[in-house]
Amino acid sequence: MNNAPDVFSPAKLGPITLRNRTIKSATFEARTPDDVVSDDLIAFHRAIAAGGIGMTTVAYTAVSQGGRTNGGQIWMRPEAVPGLRRLADAVHAEGAAISAQIGHAGPVANARSNKAAALAPVRFFNPLSMKFAKHATRDDINNVIAAHASAARFAIDSGFDAVEIHLGHNYLASSFLSPMINRRTDEFGGTLENRAKVARGIVMAVRREVERLGPAPIAVTAKLNMADGVRGSIQIEESLQTAKWLEEDGGLDAIELTAGSSLLNPMYLFRGDAPVKEFAAAQKWPLNWGMRMTGKKFMREYPYRETYLLRDAEQFRKELTMPLILLGGITNRESMDRAMAEGFEFVAMGRALLAEPDLLNRIQADGDAHSVKSLCTHCNKCMPTIYSRTLCVVTGGPA
């Protein structure tokens, strides 16, 4: 513990320096009804930045119209840049850095809402859209890889400090990694080496685009699943090998370790209460009926504990040398100090900052007393608000 860095000390992340070692993790804000930055989204991230975070992450900025989970999300294109610039300027004015989570939702994408075809490793039925996702051809895969590079360029043009490539939660790249979802028999299926080609190809395309623009102007990170929490899908052993390949490829400045599947087991990431009734109420018929009938099977409940992903993440810390970001159950100074002591360079926080955007300022002002506790109750009733306007139903934050 004595040799561990202070979580509130400045830290290098690739070519940038953060004022401290805390990152607001990507949690979809549902504040972009016109698919571009709104004043409401700027207010959301300005509050997080003013609250003391080192870097806030905008979620979710899809690389294409069909790569969104739903309509009403930002997708990276020239029309999005002016608003993204305003957002970056507002965050910088509060002393924080800003990252854009870029990705393609793949089989999680709602093709009906997006008014664009969804993609998956194999033809896949999405009950949210009541449509099938299209089997991704080689051309489709190449287009998605190129779109990630373009998205990184738009982030740079917008004055962002970093991009986070979404390789988790069974979005497109993650679904290719999953042996359960990816049943292909071509060069993108079968062995882990084949299944990892999409993820590795995306990362290196982004890295090449960043380097093409001169000395690295932004940091490049990725969110990677350690495990899906589903038998037969992504497990730690294969994920660790994927992480080793990503490290060897040299395309990333850090990896944020995550877990769970938006398709199959979302609560494996969101430990605590499973708000089945609230999720059902947020859906239209017949999905609301189906959620009421089967929601407890889909939203399996896992007890909450501090640093609940640390045990799995420690296996990655032992095997990798690159910077790692610990996510999951980081709500107080004790959990932050524990992450630093275990060798993680950064910590990421989500629900605790929804409840209290100024939580970090309170923790830092508390000094060595370690008396500040998060107001988050882990009820997870914030999760269904992504279908309307994301906020904490307990505190009402961020306003």
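This passage looks at strand 5 around I98 and then at aromatic and charge-over-ring contacts.

The model is predicted, so local features are restricted to pLDDT of at least 70 and side-chain atom pairs to pLDDT 80 or more, while totals for chains, interfaces and linings use all residues. Residues are numbered from 1 along each chain as its sequence is written, and side-chain values use heavy atoms, with hydrogens and water left out.

A convenient place to start is I98, a residue of strand 5 (residues 97-103); helices (H or I, at least four residues) and strands (E, at least two) are DSSP runs, numbered from the N terminus. I98 has a relative accessible area of 0% and is buried, where buried means under 20% relative accessible area, exposed over 50% and partly exposed in between (1.4 Å probe, protein chains only). With neighbours within four places in sequence set aside, the contacts of I98 (heavy atoms within 4.5 Å) include M55, V58, L87, V91 and F160. The strand around I98 is largely enclosed by the rest of the structure, because 7 of the 7 residues of strand 5 are buried. Both of its faces are covered, with A97, S99, Q101 and G103 on one side and I98, A100 and I102 on the other.

Strand 5 runs parallel to strand 4 (residues 55-62), to which 6 bridges join it, and two strands pair if DSSP finds at least two bridges between them. Here T56 has I98 as its bridge partner. Strand 5 is also parallel to strand 9 (residues 162-167), through 4 bridges, and S99 is partnered there by A162.

Turning to the rings, 6 aromatic pairs are counted; rings of Phe, Tyr and Trp (its six-membered ring) pair if their centres lie within 6.5 Å, with planes under 30 degrees apart stacked, over 60 edge-to-face and the rest tilted. One of them is the edge-to-face pair of Y268 and Y302, at 5.3 Å centre to centre and 80° between the planes. Y268 lies in the loop between strand 11 (254-259) and helix 9 (276-281) and Y302 in the loop between helix 10 (287-298) and helix 11 (310-319), so this pair ties together parts 34 residues apart in sequence. Y268 counts as buried at 17% relative accessibility, as does Y302 at 19%.

Y268 also has R271 over its face, at 4.7 Å from the ring centre; a charge sits over a ring if NZ of Lys or CZ of Arg is within 6 Å of the ring centre and within 35 degrees of the ring normal. The charged end of R153 likewise sits over the ring of F154, 5.7 Å from its centre.
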